[in-house]
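User: Hi! I'm new to this structure and would love a guided tour. Could you take my questions one at a time?

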Amino acid sequence: MSKKAVVAIAKDPSVEVMVKQVFDELGGADTIIRKGSTVVLKPNAGHLGKDGTSVNTSPALVGEVIKAVKAAGARKVIVAESAAIGCDTIACLEDSGISDAARNAGVDEIRDIKSDKELIKVPIRDARSAITSVMLPRFLVEADHIINMPIFKSHASMVFTCALKNIKGVVQDKVHYDMHRTNLAMAMMDIWSVVRADLNIADLIWPAEGFGPHSPVPLDFGCVLASRDPVALDIVACHCVGLDTGKVSYFENARERGLGCADIDELEVRGKSIDEVYQKMWLPYLDGFDTWPEYEILPENSCSSCQSLVAFTMEKLKALDEYEKNSDAVIVLGAKKEVPDIEKERLILCGNCLRKHRDKGVAVNGCPPAEPHVAWAIIDRKDHMEIGPDLRDRMHSEEAPWNEYINALVAKKREERADGE
Ligand code: SF4
């Protein structure tokens, strides 16, 4: 057996066939799943979104994995999720079609991690973020196997989301909040250090491109990827879609934490090759700040998380008709010894690593800050520490202009693609 991390790639019109192929490439489901075991499947069902919208993991994929795991001898299969803050997990699972697909495939339980009362405090040794322990549901801690089932999507504050980020959804809202106040990428890795999935099966059947995750643009990609190693899986997924992994700084965090193989030359791809399935996705977050020449943006020493967030913010300002009005703002991200000496309300200090300069400008808290906060800081010239009830209304009111803007952009993008074919 190879000592290298193995990533299996399947491409086929049938989800059933793809699930069988990736299990076979990894040595067979019965070599991964112990007979009589309890298996927890963790899909991405963080938001309301029907099958076909690419908001959540494909229900067909979840159903086929349940069948494969049961056929391999699992005694009990649980589908579990903790939806995004402010979202109802069970409603998300129902709306996505995952609950129905899971029931049809013979799932034993569907559980909302958020409302679970039987929690165990699990210490995180050698934590690199401020999360030094985490409360996890007993059923998850005691499960024999965890199968992580993300969908690949572009993501405003993490560049993209796939295996590494999906495991963030095993925590309840309180930890979720705390993760956003500390270094989110490191907190993700810290959670991984105590919740190791035995297997990761990623949905690249209809992954989402564009300015995700809230405005996903589904792309017909037709693949399933699987690996025991979440870092290797994410690296291979990025290569399949043309995302430069050298620009995604949290792979370095994963490497530091010893979570897996982040080097494409050190892992083994089985099944289809990357070249056979390659299809460049529209992942615009790291295209470079000269895309917005009207603004002075100072990104030296910043992480890809803040870079993608600022890129998202620029487009959001356009959608809200605030882009030209605010181009006097100077946006700073990444740790710096010095920041420009200009009027306080023009200087937007994005992220916790600029905290020491907070008296010199508008400081936007968070590491990275919450998605709407940078745009609001630029428009209002003041920070909003939390997203309280009044700000939730503001978020909702911004959805319609954003959707209208992004739909026009998607239509243009598709036209350009069609012209190029
Ligand atoms: S606040 Fe600083 S450390 Fe945190 S993600 Fe942004 S650039 Fe990185």
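User: Thanks! Which residues of α10 are buried?

Analyst: Happy to help, and please keep in mind that this is a predicted model. A residue counts as buried when 20 or more other C-beta atoms lie within 10 Å of its own. In α10 that holds for Pro-230, Val-231, Ala-232, Leu-233, Asp-234, Ile-235, Val-236, Ala-237, Cys-238, Cys-240 and Val-241.

User: How many of the 12 residues of α10 are buried, and what follows for the helix?

Analyst: The helix is largely enclosed by the rest of the structure, because most of its residues meet the cut-off for burial. The count is 11 of the 12.

User: How far apart are the end C-alpha atoms of α10?

Analyst: At 1.5 Å a residue, the 12 residues of α10 should span 16 Å. The model agrees with that expectation, as the end C-alpha atoms are apart by 17 Å.

User: Which residue just after α10 takes a positive phi?

Analyst: Here we step just past the end of the helix. The phi angle there is about 80 degrees, and the residue is Gly-242.

User: Which helix gives the most to the largest nonpolar core?

Analyst: This core has 141 residues, and Val-7, Val-65, Val-224, Leu-225, Ala-237, Ile-348 and Cys-350 touch the most other members. The helix that gives the most to the core supplies 9 residues and covers 230-241, which makes it α10.

User: Where does this core lie relative to domain 1 and domain 2?

Analyst: The domain assignment gives domain 1 as 5-284 and domain 2 as 287-405. Both of them give residues to the core, so its place is between them.

User: Which residues is Val-7 in contact with, leaving aside its neighbours within four places in sequence?

Analyst: Val-7 is one of the core residues that touch the most other members. Contact here asks for C-beta atoms within 7 Å. With the sequence neighbours left aside, the partners of Val-7 are Leu-225, Ser-227, Ala-232, Leu-233, Val-236, Leu-267 and Val-269.

User: Are the residues on the two faces of strand β16 buried or exposed?

Analyst: In a regular strand, side chains alternate between the two faces of the sheet. In β16, Leu-347 and Leu-349 are on one side, with Ile-348 and Cys-350 on the other. Both faces are covered, and these four residues are all buried.

User: Which residue in β17 stands opposite Ile-348?

Analyst: β16 and β17 run parallel and are joined by 3 bridges. On the β15 side, Val-332 has Leu-349 of β16 as its bridge partner. Opposite Ile-348, in β17, stands Val-362.

How values were computed. Residues are numbered from 1 along each chain as its sequence is written. This is a predicted model: local features need pLDDT of at least 70, side-chain atom pairs count only at pLDDT 80 or more; totals for chains, interfaces and linings use all residues. A nonpolar core is a set of buried Ala, Val, Leu, Ile, Met, Phe, Trp, Tyr and Cys residues joined through C-beta atoms within 7 Å. Domain bounds come from an automatic or database domain assignment. Two residues are in contact if their C-beta atoms, placed from the backbone, lie within 7 Å. Two strands pair if DSSP finds at least two bridges between them. The expected span of a helix is 1.5 Å times one less than its number of residues.
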